[in-house]
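Hi,

Here is the structure I promised to pass on to you. Have a look at it first, and then read on for what turned up when I went through its empty spaces and its ligands.

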Amino acid sequence: MNGKPAARGCFITFEGIDGSGKSTQARLLAEHLKANGRDVVLTREPGGSSGAEEIRKLVLEGDPERWSAETEILLFTAARRDHLERTIRPALASGKVVICDRFADSTRMYQGLSRGDLRPVVDQLHSLMIGQEPDLTLLIDMDPDTGLSRAKARQGTEERFEDFGPDLQRRMRAGFLALAKEFPDRFRVVDGGRDIETVAKDVADIVTRSLL
Ligand code: ADP
Ligand code: TYD
């Protein structure tokens, strides 16, 4: 074949408890990479495609007891499948950097651990319907009380897991750190308890070293 090989896209996800600074850091990383000439798609879950944004409303608005634990897993997975088909895979195929605020690790944690041990169901559905892992996952780790107070300061109509209180936030933090040990090749843990610029510099250094 003639010509240069197609640029390889890369898939970066941010994970962590509510209020840890994921959205802020995802946006700053996108700006940093764009300033360095990369083609970047900044996206989020649940959401990131028009169908998945509709499902986001179904899972995050209204009565939190509306769905059974199993139905909730199906809805998050349906949203992810649409996002993958319409946004993530096309962007990766054209050599872009995809930065996603939450992905399957959030389902492993929130749906897998919060209402009984449903991790095996989450994993089975993931391998059946998604089958894609990020190249790099930045876990923004932080003290749950600080995360909760940051998250609570935001306004909005969405029911988030932060509303379930500090105990769940603590279990989620421990769960995310355990997940980082389970998948050490792609996870990097970043201390989110520092000022925004210091965290952003750490994130940019990790991404430069790991991927670009
Ligand atoms: P997440 O997406 O993890 O829920 P956000 O990025 O939305 O977190 O941040 C939650 C709130 O905390 C926002 O108001 C944001 O401006 C603020 N914030 C984010 N990172 C920091 C930080 N390192 N120090 C102080 N406040 C922060
Ligand atoms: P998000 O908008 O990232 O919230 P935050 O900025 O507060 O971190 O995500 C909304 C909520 O959706 C959050 O409480 C976590 C939850 N969630 C799941 O329960 N499962 C999932 O698979 C995803 C992607 C999110």
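**Cavities, pocket and ligands**

Strand β4 gives the most to the lining of the second largest cavity, with three residues. Before going further, please keep in mind that this is a predicted model.

Let me stay with that cavity for a moment. Its volume is about 40 Å³, and the residues that line it are Gly16, Ile17, Leu139, Ile140, Asp141, Met142, Arg173 and Phe176. Two elements, β4 (136–141) and α7 (166–182), give two or more residues each to this lining. Sorted by class, the lining of the second largest cavity comes to five nonpolar residues, one polar and two charged.

How many cavities of 30 Å³ or more does the structure hold? There are two. The largest cavity has about 50 Å³ of space. Around it you will find Thr77, Arg80, Ala104, Thr107, Arg108, Val122, His126 and Ile130. Helices α3 (69–93), α4 (104–113) and α5 (119–129) each contribute at least two residues to that lining, and α4 gives the most, with three. The classes here are three nonpolar, three polar and two charged residues.

Now to the open space. The largest pocket holds about 670 Å³. It has 33 lining residues, and those nearest its centre are Asp18, Lys22, Ser23, Asp101 and Arg102. The elements that supply two or more residues to this lining are α1, α2, α3, α4, α6 (144–152) and α8 (196–210). By class, the lining of the pocket splits into 10 nonpolar, 10 polar and 13 charged residues.

Which space does ligand 2 take? It is the largest pocket, and ligand 1 sits in the largest pocket as well. Here is each ligand in turn.

**Ligand 1**

Ligand 1 is surrounded by 14 residues, with Gly19, Lys22, Ser23, Thr24 and Arg194 the closest. Helix α1 (residues 22–35) provides the largest share of this shell, three residues. By class, the shell has two nonpolar, six polar and six charged residues.

Some of the polar contacts of ligand 1 are made by the backbone: a polar backbone atom of Ser20 is 3.1 Å from an oxygen atom of the ligand, and a polar backbone atom of Gly21 is 2.9 Å from an oxygen atom of ligand 1. From a side chain, a polar atom of Thr24 lies 2.5 Å from an oxygen atom of ligand 1. On its own, ligand 1 has 560 Å² of accessible area, and the protein covers 74% of it.

**Ligand 2**

There are 17 residues around ligand 2, and the ones that come nearest are Arg56, Arg102, Thr107, Gln111 and Arg154. In this shell, nine residues are charged, five are nonpolar and three are polar. Helix α4 gives the most to the shell around ligand 2, with four residues.

Which side chains should you look at for polar contacts with ligand 2? Three to start with are Lys22, Arg80 and Gln111. For Lys22, an N or O atom of the side chain is 2.9 Å from an oxygen atom of ligand 2. A polar side-chain atom of Arg80 is 3.3 Å from an oxygen atom of the ligand. For Gln111, the partner is a nitrogen atom of ligand 2, which lies 2.7 Å from a polar side-chain atom of that residue. How much of ligand 2 does the protein bury? Of the 550 Å² that ligand 2 exposes when taken alone, 97% is buried by the protein. The elements that give two or more residues to its shell are α2 (50–60), α3 and α4.

**Residues that turn up twice**

A few names come back as you move between the sites. Lys22 is among the residues closest to ligand 1, and its side chain also has a polar contact with an oxygen atom of ligand 2. Arg80 lines the largest cavity and has a side-chain contact with ligand 2. Thr107 is another residue of the largest cavity's lining, and it is one of those that come nearest to ligand 2. Arg102 comes nearest to ligand 2 along with four others, and it is also among the residues nearest the centre of the largest pocket.

Enjoy looking through it!

Best wishes

Note on methods:
Residues numbered from 1 in each chain as written. Chains lettered and ligands numbered in written order. Predicted model: local features only at pLDDT ≥ 70, side-chain atom pairs only at ≥ 80, totals over all residues. Heavy atoms only, no water. 1 Å grid on protein atoms, 1.4 Å probe; cavity = no way out; pocket = protein on both sides within 12 Å on 5 of 7 lines; lining within 4 Å. Points joined across faces, edges and corners; volume = space filled by probe spheres on them. Nonpolar A, V, L, I, M, F, W, Y, C, P; charged D, E, K, R; others polar. Near = heavy atom within 4 Å. Polar contact = N/O pair within 3.5 Å; in protein donor to acceptor, adjacent residues only side chain to side chain. Areas by Shrake-Rupley, 256 points an atom, 1.4 Å probe, with all protein chains shown as cover. Sits in = over half its atoms within 2 Å of the grid points.
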